[in-house]
Amino acid sequence: MDTYAIPTLGEKLVTLITTADIIAILSPIWVEKPETGRQVRENTSVIMEWVIGQNYRSDNPASKAILKSLPKQAQRVKHFRALPHVEVGTAIKRARDTDGHPTTKLAFEYLAYTATRSGETRLATWSEVKLESRRWTVPASRMKNSLEHKVPPSQASLDVLHRAKESSDGSGLIFPSEHEKPMSDSTISKLTRDNRIGTTPHGLRSSFRDWAAECTDVPREIAKFALAHVMGSEAELAFRRTDYFERLTLNAAES
């Protein structure tokens, strides 16, 4: 948004922003940088929905309707690069041995052990963690499915938290950036890419899923729940109130 939208739209009255303005911003990047283009369009649309809610205007110039005026993007399914689960331990050791920022390396290790998404780990706060009861509660606001997620840290995860506690900067963040601010969404990815670790942060979730299938007898439903993948119909979910935390805690203690 800072690079592509704000320079053109930042000083303009929201009532004067037109569809043509949005198309002019998106056209140069829509094909060359498709994901960036989609994010700029979606973020601008969200802002405009707020503007409509405040009665500043009645239409959304960044709505999906403008897609018909933009060139077609190539549709390619690209899976996150992932390691075989037997190589994750080596990847963690390689990350430890790099000259990356200590907090970044700890975040990568914690993310690997907990099989969480990057944002769930990067923005984790000490207030979410109960070390004595081995519980990390990720609030719904930071979850992709908008549901609170409870993680029972394994002993390896707890060791990471204790190491992070030793260098806590008082910001409340478990893994702050070197500038004592929330870690950027590209920081852990850069660590893996620059050091040829062979996986993406999200790819570690795939490694976890393979490990759960090949090395444990955990039911598929619980393995999916550990990844915060909600399964079942709306009716089924309405009757299933358990979060499987006790079962996950038992398996975390054994792993």
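User: What makes Tyr-110, Trp-136 and Phe-175 one aromatic cluster?

Analyst: In this predicted model, the three residues are joined by ring pairs. Rings of Phe, Tyr and Trp (its six-membered ring) pair if their centres lie within 6.5 Å; planes under 30 degrees apart count as stacked, over 60 as edge-to-face and the rest as tilted. The search of the whole structure turns up four aromatic pairs.

User: Why is the pair of Trp-50 and Tyr-56 called tilted?

Analyst: The ring centres are 6.2 Å apart, and the planes meet at 45 degrees, so the pair is tilted. Another tilted pair is Phe-208 with Trp-211, at 5.8 Å centre to centre and 40 degrees between the planes. Both of those residues sit in helix α9 (residues 203–215), three residues apart, about one turn of the helix. Helices here (H or I, at least four residues) and strands (E, at least two) are DSSP runs, numbered from the N terminus. The chain has 12 helices and three strands.

User: Are Trp-50 and Tyr-56 buried or exposed, and how do you know?

Analyst: Buried means under 20% relative accessible area, exposed over 50%, partly exposed in between (1.4 Å probe, protein chains only). Trp-50 has 53%, so it is exposed. Tyr-56 comes out at 47%, so it counts as partly exposed. Trp-211, with 31%, is partly exposed.

User: And what makes Val-86 count as exposed or buried?

Analyst: Its relative accessibility is 65%, so Val-86 is exposed. You'll find Val-86 in the loop between α3 (34–53) and α4 (88–96). Val-86 and Ser-207 are 121 residues apart in sequence, yet their C-alpha atoms are 8.5 Å apart in space.

User: How do you know that Lys-165 lies over the face of Trp-126?

Analyst: A charge sits over a ring if NZ of Lys or CZ of Arg is within 6 Å of the ring centre and within 35 degrees of the ring normal. Lys-165 is at 4.2 Å from the ring centre of Trp-126 and lies over its face.

User: What makes a group of residues the largest nonpolar core?

Analyst: A nonpolar core is a set of buried Ala, Val, Leu, Ile, Met, Phe, Trp, Tyr and Cys residues joined through side-chain atoms within 4.5 Å. The largest one here has 30 residues, and Phe-108, Trp-136, Leu-161, Ile-174 and Phe-175 have the most contacts inside it. The elements giving two or more residues are α4, α5 (102–114), β2 (135–138), α7 (155–166) and α8 (187–194). Of these, α5 gives the most, with six residues.

User: Which residues does Ile-174 touch, beyond its neighbours within four places in sequence?

Analyst: Contact means heavy atoms within 4.5 Å. By that test, the partners of Ile-174 are Thr-103, Ala-124, Thr-125, Trp-126, Val-129, Leu-161 and Ala-164. A second, separate core has 15 residues, including Leu-9, Ile-25, Leu-26 and Met-48.

User: Why say that the buried residues of α4 line one face?

Analyst: Those buried residues are Val-88, Ala-91, Ile-92 and Ala-95. Seen down the axis of α4, they fall within an arc of 100 degrees, so they line one face of the helix. The arc is that of the directions from the helix axis to the C-beta atoms. Their cover includes α5, α8 and α9.

User: How should I read the numbering and the values?

Analyst: Residues are numbered from 1 along each chain as its sequence is written, and side-chain values use heavy atoms, with hydrogens and water left out. As this is a predicted model, local features need pLDDT of at least 70 and side-chain atom pairs count only at pLDDT 80 or more, while totals for chains, interfaces and linings use all residues.
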